[in-house]
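Got the viewer open? Let's walk through this one stop at a time, with a selection to make at each.

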Amino acid sequence: MYPYRFSNMLIGYLNLGTLLASIPIIGAGLWLAKGSTATCSSILQTPLLVIGFVVLLISLAGFVGACFHVAWALWLYLVAIMLLIAFLLGITAFGFAVTAGGGGTQIPGRPYREYHISDYSSWLQHHMQDMKYWKPALACVVGSKACAKIENWTPMDYLQHDLTPIQSGCCKPPTACQYSGGMPVGAQDEDCYRWNNAADILCYQCNSCKAGVMEQIRQDWHKISVLNVIVLVALICICACGCCAFRNARRSLSEYPYGVNRMSKINPRWDYYWGRWFRGRREQLY
């Protein structure tokens, strides 16, 4: 058995770490599945379980292949890593495309921004208008209790403090709305008529609320994209080390392992004669 190579040891230790890390990921997914409620956390249970089991299987293949020189396991590991790299590249590019635009409009004299649904991509608009997607998103908004944090604010607080996109769009009417006796006056934005001061209604059905959710998605996705780029760089480095480990594993099973060349295998005295010739040449030169 040839001595362990650095690439095999590195792949082995990395996959042992990810193998252990996949256990709490699966546990978190099972915990959410057991006690899921109509909040944002329940949406995470399926991705967490899928990610956890995929990481577990990939890490197991990489660990077994690198540490025990199982070439077919390393081959499966490298294929999975390459597919994962392609998937991350695709989903990162797709995420940037569908979250383009947005950013909101600064309200004069106020520290917060307001958001408009027309500023976002048509794909994101379509999903927010579809009740199949909007209902769980709205459950996230209500479950986050973002509006409860500002329910006791005075008009002065709105002049001094910033708001999150969710609070700006879902917890108050648009700043331009004008009311008299609690009723909108004249022709105004439709959201002005959808607003209701009841804690379970507020502006949850407003287009501004949907725009606030889309802005939150845009901000969160850009943060995730930074992590995606870091993961991609790490995966490419791991893939390179995995290729070296795969080559080592295949060579360890071949007829000529490390330290034995073909000529010495055919004629054991080859190394002896080659060594004498080399020493003779060195003496002639010096």
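**Stop one: Lys145**

Select Lys145 and show its surface: with 56% relative accessibility, this residue counts as exposed, because exposed means over 50% relative accessible area, buried under 20% and partly exposed in between (1.4 Å probe, protein chains only). Lys145 sits in the loop between α6 and α7 (155-160). Helices (H or I, at least four residues) and strands (E, at least two) are DSSP runs, numbered from the N terminus. Check the backbone here too: phi of Lys145 is near 55°, a positive value in a residue other than glycine. Most residues other than glycine have a negative phi.

**Before you go further**

You are looking at a predicted model, where local features need pLDDT of at least 70, side-chain atom pairs count only at pLDDT 80 or more, and totals for chains, interfaces and linings use all residues. Residues are numbered from 1 along each chain as its sequence is written, and side-chain values use heavy atoms, with hydrogens and water left out.

Now colour by pLDDT, the predictor's confidence in each residue, from 0 to 100. The protein averages 80, and 80% of the residues score at least 70. Select residues 255-267, where pLDDT is below 50; beyond near neighbours in sequence, this stretch has 16 contacts in the model (heavy atoms within 4.5 Å). Where pLDDT is low, the predicted coordinates should not be read in detail.

Zoom out to the whole protein: there are 12 helices and four strands, and buried residues make up 35% of the 286 residues.

**Stop two: Ala137**

Go to helix α6 (residues 131-144) and pick Ala137. Buried or exposed? Ala137 is buried, at a relative accessible area of 14%. Show what surrounds Ala137: not counting residues up to four places away in sequence, it touches Met128 and Val213. Then draw a distance from Ala137 to Met214, 77 residues apart along the chain; their C-alpha atoms are separated by 9.9 Å.

**Stop three: Arg194 and Leu202**

Select Arg194 in helix α9. Arg194 is partly exposed, at 31% relative accessibility. Which residues does Arg194 contact, leaving aside neighbours within four places in sequence? They are Leu202, Gln205, Cys206 and Asn207. From Arg194 to Gln205 it is 6.7 Å, C-alpha to C-alpha, with their positions 11 residues apart in sequence.

Add Leu202, in the loop between α9 (190-194) and α10 (207-252). Leu202 has a positive phi of about 45° although it is not a glycine. At 11% relative accessibility, Leu202 counts as buried.

**Stop four: the second largest pocket**

Select Tyr158, Cys171, Lys172, Pro173 and Trp195: of the 22 residues lining the second largest pocket, these lie nearest its centre. The lining divides into 16 nonpolar, two polar and four charged residues. About 570 Å³ of space lies in this pocket.

**Last stop: the annotated spans**

The UniProt annotation "transmembrane region", from an unreviewed entry, covers residues 12-33, 48-68, 75-98 and 224-246; such annotations may be inferred rather than shown by experiment. Select residues 75-98: this span is 100% helix and 0% strand, with its end C-alpha atoms 35 Å apart. Residues 224-246 are also 100% helix and 0% strand, and the end C-alpha atoms lie 31 Å apart.

How values were computed:
1 Å grid on protein atoms, 1.4 Å probe; cavity = no way out; pocket = protein on both sides within 12 Å on 5 of 7 lines; lining within 4 Å. Points joined across faces, edges and corners; volume = space filled by probe spheres on them. Nonpolar A, V, L, I, M, F, W, Y, C, P; charged D, E, K, R; others polar.
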